[in-house]
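Here is a short round of questions on cysteines and strand pairing. Have the coordinates open as you read.

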Amino acid sequence: MPNLENPLIVQADKSILLEVHNPRYEEARDALARFAELEKSPDHLHTYRITPLSLWNAASSGVNAETVQADLERLSKYPVPPNLLADVRESISRYGRIKLVKGGAADELELQVSDAPLGHLIQHTKDVAKLLIPGGGLRITADNRGEIKQALIKVGYPVVDEAGFTVGEPLEFSLRDTMLSGKKFDLRHYQSDSVGAFMASGGGNGVICLPCGAGKTVVALAAAAQLKTKTLVLATNITAVRQWMSEVLDKTTLTAEQVGEYSGDRKEVKPFTVATYQIITRRSGDKFPHLSLFNAANWGLIVYDEVHLLPAPIFRFTAGLQARRRLGLTATLIREDGREGDVFALIGPKRYDVPWREMERAGFIAEATCTELRLPLPEGVKMAYATSDARNRFNVAAQNPVKESAVKELLVRHKGESILVIGQYLEQLRSLSEGLKLPLITGETPQADRDVLFAKFRTGEVPVLVVSKIGNFSIDLPDASVLIQVSGTFGSRQEEAQRLGRVLRPKDKPASFYSLVSEDTVELDFAMKRQLFLTEQGYRYKIEDYHPVAKPLAATPPAQV
């Protein structure tokens with residue numbers, strides 16, 4: 001019988017509508033987050049979708065078809081379509097039906113299947129068959145361990161990898177009881193649980209999803225300390241590399257002589273090495289000379305920081321690294337290139353996840369308010385917008401000159417706080433920097449200058465920084481409490497989440513996140529897409545209309561891109 005008090009409408013096409021204003025909204029949102037993906041989040045009805053990958057990630061974390069069915073039936077207004085429940089059972093049942101185990105020969109692996117028809121099916125699937133040893137049944141060479149998992153997930157059969165991992169060269173170290181500052185150090189309960197979830201898989205592979213500011217680095221250090229093996233960390237940029245190295249020395253018993261930086265500046269290979277994605281993917285002609293780092297030592301663990309940003313060349317090379325233990329760290333598994341399936345196949349399934357608002361309620365990350373500030377286009381820019389093609393309309397709207405006066409007013413509103421102003425377009429950022437007399441950090445800023453400005457920001461000597469998209473991730477600025485986003489990368493959900501994360505370090509005041517958007521433009525549509533992940537996590541955007549008191553400083557349209 002229908003129960004119209006419930007918050008969900010479950011539809012046969014695997015989409016689910018969730019009433020935002022229903023008293024059971026949060027209960028339903030948290031249930032759906034385990035096995036469905038958020039697609040749309042307008043004011044009153046949010047749309048989720050169940051996909052095979054969302055169900056396989058759920059299955060890898062112990063959620064079964066009965067749990068999914070029980071949640072849907074408990075929260076749905078109307079009877080759940082039988083075909084959807086059948087599809088849920090089918091998708092989840094595929095997880096675990098194919099296992100990869102050691103073969104008879106040292107350099108061979110074998111696919112174990114749940115039944116003979118499935119074995120016959122995959123043997124006669126073109127992209128799978130070409131990876132099998134001719135005449136060897138379901139055996140492959142160890143070199144094809146990654147590619148076979150990629151091929152099988154693309155045909156709808158995720159592989160549970162039980163082939164084991166190389167131990168790696170030993171590295172004896174442990175976590176400290178006290179940090180270098182003298183403060184006591186121990187793991188928070190969710191960090192211990194994250195490590196436990198990773199180690200439960202044999203300490204072999206998987207992704208840990210925790211909010212920005214929740215201490216994902218500590219999780220990796222704790223896992224490495226348990227494994228006691230040589231470790232390679234891949235990070236997003238040189239600032240992140242040096243923050244990793246600082247954390248290693250602050251929270252483990254490793255010494256400076258054991259920790260190395262592999263970057264454009266230095267090429268150190270030490271027992272615990274931190275490298276940038278950029279150096280690993282640097283080309284020389286058609287070759288990647290620095291990929292040799294993966295074989296430069298007998299690594300027992302490879303950590304992929306910000307795994308949602310993993311560059312395509314790393315996907316190709318990590319397919320051959322399947323004998324190494326792999327730990328992915330991220331705040332969100334969303335990839336704008338749609339390669340979440342490759343992360344699942346090559347790095348591993350999601351092993352641990354915590355809702356952001358739950359972390360906020362526990363005080364592990366800062367309370368945050370999100371505001372979308374809607375601004376008019378100046379009269380002099382409206383015609384430029386109207387006569388632009390689709391891409392340049394977004395550029396014109398994103399570089400709305402009214403945003404400069406809005407930033408100025410927000411700086412007054414939050415005077416005395418640590419404020420980051422972040423954007424996509426260098427000319428826009430330079431204009432803000434010059435017009436408001438604020439220091440600017442971009443990809444062109446020398447690393448030494450960046451380090452000085454970041455240090456002054458941390459001490460409060462510089463209260464406001466303007467940063468380009470290099471500030472999207474892996475910058476540890478714990479006292480930042482306000483972020484003003486003046487422009488972004490189209491509808492990037494992961495970028496929106498990463499930018500909010502810059503102000504989520506625990507502090508004694510709430511954090512404020514502002515997104516400046518030009519009204520009556522395509523930027524509004526992209527803003528809605530950007531907000532999807534944070535909406536799923538329970539954040540709501542307050543809408544404010546901004547009307548400049550004075551004429552903006554610049555009324556000429558931005559340059560076409």
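Q: How many disulfides does a search of the whole structure find?
A: The model is predicted. A disulfide needs two cysteine sulfur atoms within 2.5 Å. Searched as a whole, the structure gives a count of 0.

Q: Why does C212 form no bond with the closest cysteine sulfur?
A: The closest cysteine sulfur to that of C212 belongs to C209. A disulfide calls for a pair within 2.5 Å. C212 makes no bond there because the sulfurs are too far apart, at 11 Å.

Q: Which cysteine holds the sulfur closest to that of C370?
A: The separation is 12 Å, so the pair is too far apart for a bond. The partner in that pair is C212.

Q: Is C370 buried or exposed?
A: The cut-off for buried is under 20% relative accessible area. C370 has 3% relative accessibility, so C370 counts as buried. C212 also has a relative accessible area of 3%, and C212 too is buried.

Q: Which strands are at the edges of the open sheet?
A: The sheet has 4 strands, paired antiparallel, in the order β1-β2-β4-β3. An edge strand here pairs on one side only. Those strands are β1 (8-10) and β3 (37-40).

Q: By how many degrees are neighbouring strands of this sheet turned against each other on average?
A: The strands lie in the order β1-β2-β4-β3. With direction ignored, the average turn between neighbours is 30 degrees.

Q: What is the bridge partner of I16 in β4?
A: Strands β2 (residues 15-19) and β4 (residues 45-49) run antiparallel and are joined by 5 bridges. In β4, I16 is partnered by Y48.

Definitions and conventions
Residues are numbered from 1 along each chain as its sequence is written. This is a predicted model: local features need pLDDT of at least 70, side-chain atom pairs count only at pLDDT 80 or more; totals for chains, interfaces and linings use all residues. Side-chain values use heavy atoms; hydrogens and water are left out. Buried means under 20% relative accessible area, exposed over 50%, partly exposed in between (1.4 Å probe, protein chains only). Two strands pair if DSSP finds at least two bridges between them. Helices (H or I, at least four residues) and strands (E, at least two) are DSSP runs, numbered from the N terminus. Axes are lines fitted to C-alpha atoms, for helices over the stretch in contact, and angles run from 0 to 180 degrees between N-to-C directions.
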